[in-house]
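Colleague: Please take me through this model one feature at a time. I will ask, and you reason from the coordinates.

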Amino acid sequence: MKKLHFFIPIFLLFVTYFVAQTPASVPVQISERTENIDGTLYFLHTVERGQTLYSISRTYQVATDQIKRTIFDKVEIQIGETLLIPANHQQSAQPKISTTEFENQIDVPTTVDTIRQVFENQPKPVLNVALMLPLYLNQVEQIRSNTRSNQTNTRPPLPFSFISFYHGATLATQAFENDNVKINVQIFDVTEDENTIRRLIDNQSLNDMDIIVGPVFARSFRVASDFAKQKEIFIVNPLSDRDDILENNPFVVKINTSEKNQLHALLEYVAKNHVGQRIVILSNDSIATERERSNQARQFFENRVDDVIFIDISRDRLAQLTNSLSNTKENAIVYLARNEAFFTQIATQISKRNSTNILYCLEKLPQIEFTDLLYLNDLQTHYVDPFFVDFENRDVRNFDRLFFENFRTIPDALVYRGYDVMSYVFQLLKIGNTNYGNFLENMPFKGFHNTIQLYRTNPTQGLENRSTNILKIDSSQLKRVNN
């Protein structure tokens, strides 16, 4: 306490001196320069000497937080700095007014206001993360008992189901370094039994959490997400691709990419890389899920691409496809079906044509594993995979070596997911307070298995990852061609 008593008088003296030395505020005029960024209109305001964040926000009639959000929550602004200020729809209907005129109508911030603002933006010294995994610790003793009695079980013991995810998260925690923020990760053993999470809530074990990761099972996650919404705590679902977990809860973060977003990413890639060429969409419209895919493709290409053909493979199949291919243009064949036999026909027959044909699949069909690589290479086959780790990457090889040194085993898929998810969470927390929610949509993160780029469809919905991997089979190698 002695240090704190000594600090406050000096701090007050500093603030008083700072306020006394601040030049009188100069008129702030609304900029005539604007820019549309991702559908939002912004004023481009250049800071002049004597202007403050407060005076600028008053002139543009926006909260200071809305401006700080675009400059990564900085408290101070610099002379000559260009600020992105969200356009207020009321500004066009009201006359421009300078800060000087406003000061006759409102209270000018006092020294006390300045002190309060500084303290409100101070980072928390410790941020708490709840990591909820189904570790089944209560069954560990049973495993030991079975081992001693030489009992065998063909199924892997439940306690080992998510140990890989935990190991990956552990390495991410060890790798985190920040002098200003300390992260306290608390592990909770939460299974599919929703009573476990209810007990944690009743015991107030989660009240001090700044962010929650998990649980991984649907029923438990539903209970946890309801609690997170009530407490306004962001909760990350690391594995589910279900869209319903986002409904009516703006605090849910879904890391896995839904099929709808995977298809959108594929269609965007095709449209971008085949301008002026022919695009052929194949689907079995007698199957509801494939018909939904076809309809999404129709909506996407409408008024965007001139030369696009849709084929329902429940009818003529190969003959109709062959007749639809152009001999003068490159053909991008987008395969949205799951018919493995027809896939084999395409791979073996279409690759023999003299025209240039490139095959795109929404998913990695099992038949890809059994098709001659020569055909797949000739068709420059692409497919979408939300989870892909490039083991030729030097960083991946270094991580594999580090993982083996720590755990004496080779990392599996859950290891990379655990590492990526927790690393992303730590990136959010690095800003030093719990206002990271304002930046979720502006903070892409490139992990080992995928890029995380969040967005929300409307303010009442949660955020979901819109990024996925588009892979290409090239010279018998698998390469990521996006992200």
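Colleague: I take helices (H or I, at least four residues) and strands (E, at least two) as DSSP runs, numbered from the N terminus. Which backbone nitrogen does a side-chain oxygen of N393 reach at the start of α16?

Modeller: The model is predicted: local features need pLDDT of at least 70, side-chain atom pairs count only at pLDDT 80 or more, and totals for chains, interfaces and linings use all residues. Residues are numbered from 1 along each chain as its sequence is written, and side-chain values use heavy atoms, with hydrogens and water left out. A polar contact is a pair of N or O atoms within 3.5 Å; within protein, one must be able to donate a hydrogen and the other to accept it, and residues adjacent in sequence count only if both atoms are side-chain atoms. The oxygen of N393 comes to within 2.7 Å of the backbone nitrogen of D395.

Colleague: How far apart are the end C-alpha atoms of α16?

Modeller: The expected span is 1.5 Å times one less than the number of residues. Helix α16 runs over residues 394–407, 14 residues, so 20 Å is expected. The model agrees, with its end C-alpha atoms apart by 20 Å.

Colleague: Which residues of α16 are buried?

Modeller: Buried means under 20% relative accessible area, exposed over 50%, and partly exposed in between (1.4 Å probe, protein chains only). In α16 the buried residues are V396, F399 and F403.

Colleague: What arc do they cover around the axis?

Modeller: The arc is that of the directions from the helix axis to the C-beta atoms. An α-helix has 3.6 residues a turn, so residues three or four places apart point the same way. The buried residues sit on the same side of α16, because they cover an arc of only 60°.

Colleague: α7 (163–175) and α17 are among the elements covering those buried residues. At what angle do α7 and α17 pack?

Modeller: Axes are lines fitted to C-alpha atoms, for helices over the stretch in contact, and angles run from 0 to 180 degrees between N-to-C directions. Contact means heavy atoms within 4.5 Å. Residues that meet include F165, G168 and A172 in α7, with G418, V421 and M422 among those in α17. The axes lie 7 Å apart, at an angle of about 40°.

Colleague: Is that crossing left-handed or right-handed?

Modeller: A crossing is left-handed if the near helix is turned anticlockwise from the far one by less than a right angle, and right-handed if clockwise. The crossing of α7 and α17 is right-handed.

Colleague: How many of the eight residues of α2 are buried?

Modeller: L53, S55, I56, S57, T59 and Y60 are buried in α2. Helix α2 (residues 53–60) is therefore largely enclosed by the rest of the structure, with the buried count being six.

Colleague: What is the relative accessible area of I85?

Modeller: I85 belongs to strand β3 (residues 82–86). Not counting residues up to four places away in sequence, I85 touches residues including L41, F43, I56 and Y60. I85 is buried, with a relative accessible area of 0%.

Colleague: Which residue does a cis peptide bond join to G214?

Modeller: The omega of this bond is about 0°. The partner of G214 lies in the loop between β6 (211–213) and α9 (218–231). It is P215.

Colleague: What phi does E232 take?

Modeller: E232 lies in the loop between α9 and β7 (234–237). E232 is exposed, with a relative accessible area of 59%. Its phi is positive in a residue other than glycine, near 60°.
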